[in-house]
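Visitor: Please take me through one part of this model closely: the surroundings of the ligand, and the sheet and helices that go with them.

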Amino acid sequence: MAGTREDQMVAIVTGAASGIGRSVTEMLLARGATVIGADVSPFSGVGVGSPGRFVGRRVDVTVEEDLRAATGAALEEFGRLDAAFNVAGVSRGAPLMDLDEDVWDFTVDRVLKGVFLSIKHEARAMRETGGAIVNVSSINSRVPMYTGAAYASGKAGVEMLTRSAALELAPYGIRVNAVQPGLIDTPLTQRRITDHALMEDWRRRIPLDRPGKPAEVASACLFLAGESASYITGASLIVDGGWDLTSYPDLRSAASSTDRAKALD
Ligand SMILES: NC(=O)c1ccc[n+]([C@@H]2O[C@H](COP(=O)([O-])OP(=O)(O)OC[C@H]3O[C@@H](n4cnc5c(N)ncnc54)[C@H](O)[C@@H]3O)[C@@H](O)[C@H]2O)c1
């Protein structure tokens, strides 16, 4: 149901082995839910401490049969699917003029096609009962980055896919929303977060002055999937420490000189 209590929820999480997906999984398990983790990487240590409530499956989100099997297993083993968190994603890129077609395909397949295939089979599993789907998009769905054309274009697609799915699936009682993380401290971003010069520049753009933690994105995902969000569908929640607010140059020094000029008039 669109408003299933977390302690009774059966959920699927793609990308559950690492970073944000792992955090979503651990938060769901801590709240009493049953979780099918779907990932191409091993689930080392995930679900320990929640016996019988975590099943890890090898799922490649670019392979339709894997999604069909994983959602089918949820129905077979647990009788229903209440919530789905589409978190799996990667980024490979290059400057546009050197961007090979296979690198474009690799990234867009995982970032966008994977979410399409996931939604398709998750919705089929939810069509009789209703449910909630949360897609992890990115601030890059709106903000381009050098060498990231494939990733950012794929994430922009996830935003439209979220809205299209919300429209089409509402008659089945299925809500679909997205979360747009900013810079989050996960294995995906380690190389950048440990680059001190880059981080200094980055922190100037993030009013809360630090990267986010996976759990800070996971809690937004759980909010959107839960009863408290029962009237929210087709929405995107930005979780970025305020980074989105700073695309304008920092005019504080200019503003104070204008104020001084006014005082002299
Ligand atoms: N970390 C950030 O700053 C940040 C910012 C914005 C958006 N995101 C998005 O959040 C999501 C999670 O990223 P993360 O930072 O936790 O990264 P991560 O690398 O820690 O985790 C990603 C997981 O996805 C899995 N995965 C990759 N390809 C897959 C496939 N084909 N099938 C199934 N699983 C696959 C990986 O094995 C890994 O476990 C991604 O969609 C990413 O684009 C991350």
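Guide: The sheet comes before the helices, and the ligand shell comes last. This is a predicted model, in which local features need pLDDT of at least 70, side-chain atom pairs count only at pLDDT 80 or more, and totals for chains, interfaces and linings use all residues. Residues are numbered from 1 along each chain as its sequence is written, and side-chain values use heavy atoms, with hydrogens and water left out.

Seven strands make an open sheet with parallel pairing, in the order β3-β2-β1-β4-β5-β6-β7. Strands are DSSP runs of E with at least two residues, helices are runs of H or I with at least four, and both are numbered from the N terminus; two strands pair if DSSP finds at least two bridges between them. At the edges are β3 (54–58) and β7 (236–239), each pairing on one side only. Within the sheet, β5 (residues 131–136) and β6 (residues 174–181) run parallel and are joined by six bridges; G131 has I174 as its bridge partner in β6.

Helix α2 (residues 64–78) lies across β1 (10–14), β2 (34–39) and β3, at about 155° to β3. Helix α4 (residues 149–169) lies across β5, β6 and β7, at about 160° to β6. Contact here means heavy atoms within 4.5 Å; axes are lines fitted to C-alpha atoms, for helices over the stretch in contact, and angles run from 0 to 180 degrees between N-to-C directions.

Around the ligand are 29 residues, the closest being S18, D39, S41, Y151 and T186; the criterion is a heavy atom within 4 Å. Polar contacts are pairs of N or O atoms within 3.5 Å. A polar side-chain atom of D60 lies 2.9 Å from a ligand nitrogen atom, and one of K155 lies 3.0 Å from a ligand oxygen atom. I184 places a backbone N or O atom 2.8 Å from an oxygen atom of the ligand. The elements giving two or more residues to the shell are α1 (19–30) and α4.

Conventions: Polar contact = N/O pair within 3.5 Å; in protein donor to acceptor, adjacent residues only side chain to side chain.
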